[in-house]
Amino acid sequence: MNLVNPAGLWLAALAAPIIGLYILKIRLRREPVSTIQFWRRVFEEKKPRSIWQRLRHWVSLALQLLFLLLLTGALADPIFRWQQGQGRRRVLVLDDSASMNATDVAPSRFEAARAECRRIVDGMRLGDETAVIAAGTPPRVLCGLTDHQRTLREAIDAATPTDGPTRVDEAVALARRLLSGGPPGRGVVVVSDGGFDGAAALLKQADVEMVAIGGKTANVGVPRLQARRSLLDPVGYEILVEVSNASDGPAECRLELDLDDEPVDVVPPQLKPGERSVQVFEKTSADGGLLRAKLDRGGALAADDTAVALLPKRSRQKVRLETAGDLFLEKVFEAMPLVDLEVVKDPEAKPPATPPALTVFDGRTPDVLPPGPVLVVAPRASNALWKLGESIQNPVVAKQDGDSPLMTHIRLDNVLIPEARKLTLDPAAKPRVLVEAGGGDPIYAALERPEGRVVVLAVDLDKSDLPLQTAFPIMATNLLSWLSGTQGELREALATGSTTEAALPVETVPEAVRVLRPPSGPDRPLPAATGKVGLGPLDLAGIWKVVRRTPAPKGSKATTDDGAAEETLMELACHVADRRETDLRAPEGLEPRVEPALAGFFRRPLWFYLVACAWALTSWEWFLHQRRWID
């Protein structure tokens with residue numbers, strides 16, 4: 001046996017004064033009394049005695065010395081040699097992924113896993129060291145190797161569940177790095193429901209034990225939801241939603257789709273065991289917002305019962321049409337639901353102070369094109385971007401640029417074009433020929449300039465049947481979408497646990513702070529650097545926001561309780577997209593429970609039991625004294 005604190009043996013020196021108090025001679029006081037008849041017995045008991053006669057209370061002295069011996073031994077902290085050689089180093093890997101939020105184990109799988117971790121920590125023996133790692137995205141060390149049980153329990157209590165995928169393999173690799181170079185008897189204890197690939201193979205590794213949480217539970221979820229604007233309809237949008245049945249039996253439920261809490265559609269999926277159903281819905285709405293898909297009976301996991309996506313809003317566009325009276329152009333723009341059309345027939349009219357979304361010149365070409373996007377139909381004169389040549393009789397469309405968004409869903413090879421004008425495009429404008437005649441002459445082209453894009457159509461609409469073709473309104477729709485950059489735009493809904501980059505504007509207020517706000521929980525600070533900033537991991541399902549916080553100006557109303565003004569810079573939709581997390585069934589070959597080795601009765605240090613014996617001895621002595629068995 002060795003002593004951790006040999007200096008504690010000096011406490012044994014207190015035995016000398018204790019013994020001295022027991023053999024101390026008692027000096028009697030003189031008091032005048034009327035008679036000594038009643039005091040003879042007292043005098044006989046207190047008469048001087050020898051040293052050995054004074055030790056009549058030896059039982060009490062023995063108890064006092066035994067009490068001192070126990071305290072001295074506790075302070076010296078003895079430890080056996082066999083205890084020194086059996087210290088263990090273990091790492092607890094706590095699974096905090098989305099599937100651990102399932103409620104098939106009350107109150108949840110995650111709470112049951114934390115209880116198992118506390119049980120393992122309470123079973124630590126003298127000399128054991130334990131660490132705690134969360135197997136989320138990414139794996140992180142909650143507490144390093146320590147023998148302090150309270151610190152370990154606080155780290156376990158501070159762990160919170162996420163909606164992201166599990167990374168048990170990476171967490172086990174991190175645990176092995178923590179244990180590298182240590183004494184033998186080390187290992188990794190994984191506390192998980194086994195909802196990850198390779199769970200059964202992980203158990204076959206010699207240094208890994210597993211405490212399995214949960215069982216084979218059926219579940220239905222929404223692992224995928226995306227929404228994008230239509231390529232054809234300015235106010236249309238498409239919804240792609242997937243419903244997955246992760247169970248061994250059929251499932252019936254109701255799927256509700258709503259946009260900003262307004263019902264969009266309701267469908268009743270009927271799924272076979274293990275079946276996945278993918279549906280596409282086509283809807284119309286000029287207003288964007290939060291699109292939500294929700295199941296009424298999903299199962300034990302609530303996080304995958306709802307999926308969210310963000311639908312971009314379509315704003316109205318102002319179009320200025322300068323024409324001599326072309327009814328076709330006027331009607332095609334009037335038919336567009338998001339266009340505010342201004343028709344100008346006076347050739348001497350001044351351009352507006354603010355450039356519109358599109359300026360259209362029909363049958364006339366100004367010497368200098370105004371700033372902003374411009375469409376020129378049947379140009380009548382040359383300018384800095386092209387030179388107008390001779391007429392081309394009955395040109396035949398020989399080539400189309402099918403890769404250009406301006407030509408999406410358009411075919412002009414059957415359009416009758418009696419006459420067109422030959423154009424020589426300026427190479428400095430980086431021209432892109434969209435439609436080319438048989439002789440190589442451009443009929444429809446796009447050009448770039450610093451003041452705005454320019455598109456020219458060298459076809460006289462009064463002589464062609466193009467306005468009567470379905471391609472004509474599609475050309476106008478494609479043009480507006482191309483100029484505004486809103487053609488079939490998609491704000492992709494991200495999977496939980498993923499990371500992304502966002503281009504943030506240059507900050508002009510020094511006191512401003514930008515934070516990443518999760519669907520629940522505290523804000524996460526973002527770096528002050530401009531340009532692309534990494535966001536994530538987005539480990540919770542819902543809407544994440546990048547918020548700019550600035551001190552509220554004097555006289556203005558603050559938007560928060562702490563006196564700051566907030567502005568939402570961007571929003572990100574995030575939902576549980578990992579099908580492995582929505583499948584709550586334990587993998588084949590995974591044992592329901594593996595008991596990790598715990599300490600026996602003597603799992604506390606020896607000084608603890610010495611102090612307990614000293615306390616018990618004090619209580620016993622008090623009991624004997626009250627019974628008058630000892631003085």
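**Contacts, burial and cavities**

Author: In this predicted model, the side chain of Ser230 comes to 3.2 Å from the backbone nitrogen of Asp233.

Reader: What makes the reach from the side chain of Ser230 to the backbone nitrogen of Asp233 a polar contact?

Author: The cut-off for a pair of N or O atoms is 3.5 Å, and the distance here is 3.2 Å, so this pair falls within the limit and is counted as a polar contact.

Reader: Where does Ser230 lie, and is the residue buried or exposed?

Author: Ser230 sits in the loop that runs between β8 (219-229) and β9 (236-246). Its relative accessible area is 14%, and because buried means under 20%, Ser230 is called buried.

Reader: How do you know which label, buried or exposed, belongs to Glu116?

Author: Glu116, which is part of helix α6 (residues 109-122), has a relative accessible area of 13%; since the label buried applies under 20%, Glu116 is therefore buried. The side chain of Glu116 also makes a polar contact of 2.9 Å with the side chain of Arg119.

Reader: Why is Arg453 said to lie over the face of Trp482?

Author: The distance from Arg453 to the ring centre of Trp482 is 4.1 Å, and the rule asks for CZ of Arg within 6 Å of the centre and within 35 degrees of the ring normal, so the distance satisfies its part of the rule, and Arg453 is listed as lying over the face. As for pairs between aromatic rings, the search of the whole structure finds 0.

Reader: How many cavities are there, and what cut-off in volume was used for the count?

Author: The count is 2 cavities of 30 Å³ or more. The largest cavity holds about 110 Å³, and the second largest has about 50 Å³.

Reader: Which elements give two or more residues to the lining of the largest cavity?

Author: They are α10 (327-334), β20 (374-377) and α11 (471-484), and α11 gives the most, with 4 residues. Among the lining residues are Leu329, Phe333, Val377 and Met475.

Reader: What makes Tyr444, which lines the largest cavity, count as nonpolar?

Author: Tyr is on the nonpolar list used here, so Tyr444 is placed in that class, and the lining of the largest cavity has 11 nonpolar, no polar and no charged residues. Tyr444 lines the second largest cavity too, together with residues including Val397, Ile417 and Leu466, and that lining has 10 nonpolar, no polar and no charged residues.

Key. Residues numbered from 1 in each chain as written. Predicted model: local features only at pLDDT ≥ 70, side-chain atom pairs only at ≥ 80, totals over all residues. Heavy atoms only, no water. 1 Å grid on protein atoms, 1.4 Å probe; cavity = no way out; pocket = protein on both sides within 12 Å on 5 of 7 lines; lining within 4 Å. Points joined across faces, edges and corners; volume = space filled by probe spheres on them. Buried < 20%, exposed > 50% of the residue type's maximum accessible area, 1.4 Å probe, protein only. Polar contact = N/O pair within 3.5 Å; in protein donor to acceptor, adjacent residues only side chain to side chain. Phe/Tyr/Trp six-rings, centres within 6.5 Å; stacked < 30°, edge-to-face > 60°.
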